[in-house]
Amino acid sequence: MQTGEKQIRLCDCNRSFTIDEKALAASGIARPLTLHHELCRGELGAFESALGCGHVLVGCTQEAALFSEVAAEVPVPVPAARIDFFNLRESAGWSAEGRGATPKMAALIAAAMLPEPEPVAGVALSAGRNLLIVGEAGATLGWAERLAERFDVSVLITGATRDDELPVERRYPVWSGSAVRVGGHLGAFDVEWAQTNPIDLELCVRCNACIRACPEGAIGWDYQVDAARCASHRACVTACGAVGAIDFARREVAREGRFDLVLDLSAEPLLKRVELPQGYAAPGRDPLDQALAVQALGDFVGEFEKPRYVAFEAKLCAHSRARKTGCTNCIEACSAEAISSAGDVVRVDPYLCQGCGTCSTVCPTGALASQYPRVEDLGVRIKTVLTRYAEAGGEAPCLLFHSVEAGRALIERLARRGKGLPARVIPLDVWSADAIGLDLMLGGIALGACQVAVLATGTHDVTPLRAQAAHAQAILSGLGYAGEHLRVLDAPDWTGLETALWEWAPAVAVSRPATFRLAPRKRDTLDLALRHLHALAPSPVSEIPMKTGAPFGTLTVSSACTLCMSCVGVCPTGALSAATDAMRLGFIEKSCVQCGLCANSCPEGAIALTPRVLFDETLRRTVPLKEAELFHCVRCGTAMGAKPLIDAMVVRLSGHSMFVTEAQRRRLHMCADCRIVDLMENENGLKAWDMTA
């Protein structure tokens, strides 16, 4: 064994499944394979000796912690020894078809041998111990007392509880308020509220004079005034005296503050989002949930770096143009509310983004692209596993995308308790399964998979995934590929996953896998995949009708079109264009994403969208949608624009008081210069040169 050689160590876990060492070696794996039966126990010394090569691949994830600990303690010739882990047992071996899973094992080993992709750019986060606790006095003050030594605590009381007493010793700020609003992110939460209680707790010295003076007992020990009891005697104001903490006529009620962390103990969370920002906890009223939330908040104190999960290319964004709204898919789909409108484009807050990738899935143009992992990096994995699987004799491969946490846990449970994964199902883990969009689905089929499944366990909303799968299936079915090629598996437990996979009959695949790589831009990948699928289609057609929401299609223009070219100005992809040699509106269908900006911007309402997938050569050519003769000035002959546009202008202005006579209306058919000359020649009003001093 030479230093620098990559070693692959496989273990059949006490012979609990079959690893055909000879068949794997014959499948084309270039590295030497070593098979063990108890690598984590009796054969641990073999693992220690392998560390000298510098890079070890271990086919076991269960004992990753043990192997890493051993590696840290064993002195090796190569200081930068690296260990990577991949799963063979639950992914392939523990299966009712485990003896026939050699092609899948070869594919998984090949994927594990791929070089690490370039790291994703990071976002720096920093949070101190400035903690705001929001809620009723009883809960907030109790936790404030417990946490005052660990955090820089502040308390915002949002509800009166008469018997809860503020601490005698003022060790942390206490405010009261209503209409609380929380924004921002970890390390920079901006909180706003209204100081509606007449007693300002910042000014109050807690002398209790107001409590003793109030004849109705409307003031509790939390120093909140019960408006239902108060009879407006204002004895409390007199008792407060020069301190001036009580003001029933207060005008400036807006308050705000910035905090690193927020513990929201309200009955209903102040932030109603599916994905709450890190550093914000809303455990509700349960004491155990509150304790767990407090413990978790402590882990967010410090400096961190999170991946910039999504890349954004503004010039591709079809959100808006000229104050007309087009695509809002990403804004509506973002569970973290990290995406908002910013004029003609959207804005992505990387501090709020949790990396689910749904925005990239629903984005029709590819302006938003998931970076964790990048599509091109995931494409290399897809191509590698499908190629090696086929070379090892595998048939009818099915790709199963799943999240690294919830999805993997469900697959492991299926392997332990049920039939495991079928031998033809190849699992591929991703940070979030929500990021598997149309480009990856059709790209996987074009590269040789007969089916693509997305395990939606842990997904907040499967609707976008199902819509993408429906679009992909409509295309494949329209081209004559028989069977069900796409499934979104929203399995509640391992039994549901088992049923969905084992009862799924293979579908018709492409006769020859594509050789292209998945491109960074979604539209490029889709173009390559569609061309390949059409070229090998069992029943090729020139056009496939699609449902509304599909990112492909054409436009129809009615006779109401005046060729004002407003649609050209707002088209974000250049699908619409104005000809330079004539008054003609051109259209390139390949570039159209059906965002609707053109239809929303047309003043005549003359544009209608028609979703479809076109395979004709006209897809890539500019085709005319509308053409009209050029109108010329009736006085000098200068070209003025499209005749329908001039005609529409004349109709709209003919009833105006400035165009009552025939001569005045005739000026509408003149260019700007001739209109002025005609006005000066024919109007009887006083002219500048006739004026005398």
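This section describes the cavities and pockets of a predicted model.

The enclosed space is considered before the open pockets. Seven cavities of 30 Å³ or more were counted. The largest cavity holds about 190 Å³ of space. Its lining consists of 25 residues, and those nearest the centre of the cavity are Ser360, Ser370, Val375, Ala435 and Leu440. By class, the lining of the largest cavity comprises 14 nonpolar, seven polar and four charged residues. Four elements each contribute at least two residues to this lining, namely α11 (358-362), β20 (368-370), α12 (375-391) and α14 (438-446). Of the elements, β20 gives the most to the lining of the largest cavity, with three residues.

Among the open sites, the largest pocket has a volume of about 1,400 Å³. The pocket is lined by 45 residues, and Glu116, Arg381, Val404, Arg408 and Asp429 lie closest to its centre. Two or more lining residues come from each of β4 (82-85), α4 (89-93), α5 (102-112), β14 (302-307), α12, α13 (406-417) and β22 (425-430). The largest share is that of α12, which supplies five residues to the lining of the largest pocket. Helix α12 is also one of the elements with at least two residues in the lining of the largest cavity. The lining of the largest pocket divides by class into 24 nonpolar, six polar and 15 charged residues.

The second largest pocket encloses a volume of about 720 Å³. Its lining is made up of 35 residues, with Asn329, Val362, Ala467, Gln468 and Gly549 nearest the centre of the pocket. The elements that provide two or more residues to the lining of the second largest pocket are α10 (329-333), α11, α15 (463-478), α17 (522-535) and β29 (607-614). Helix α15 accounts for the largest share of this lining, with five residues. Helix α11 contributes here, and at least two of the residues lining the largest cavity likewise come from α11. In the lining of the second largest pocket, 17 residues are nonpolar, 14 are polar and four are charged.

With respect to residue class, charged residues number 15 in the lining of the largest pocket, whereas the lining of the second largest pocket has four and that of the largest cavity has four. The corresponding polar counts are six for the largest pocket, 14 for the second largest pocket and seven for the largest cavity.

Technical notes:
Residues are numbered from 1 along each chain as its sequence is written. This is a predicted model: local features need pLDDT of at least 70, side-chain atom pairs count only at pLDDT 80 or more; totals for chains, interfaces and linings use all residues. Side-chain values use heavy atoms; hydrogens and water are left out. On a 1 Å grid over the protein atoms alone, a cavity is a set of points where a 1.4 Å probe fits but cannot get out, and a pocket is an open set with protein on both sides within 12 Å along at least five of seven lines; lining residues have an atom within 4 Å of a point. Grid points are joined across faces, edges and corners, and a volume is the space filled by probe spheres set on the points. Ala, Val, Leu, Ile, Met, Phe, Trp, Tyr, Cys and Pro count as nonpolar, Asp, Glu, Lys and Arg as charged, and the others, Gly among them, as polar.
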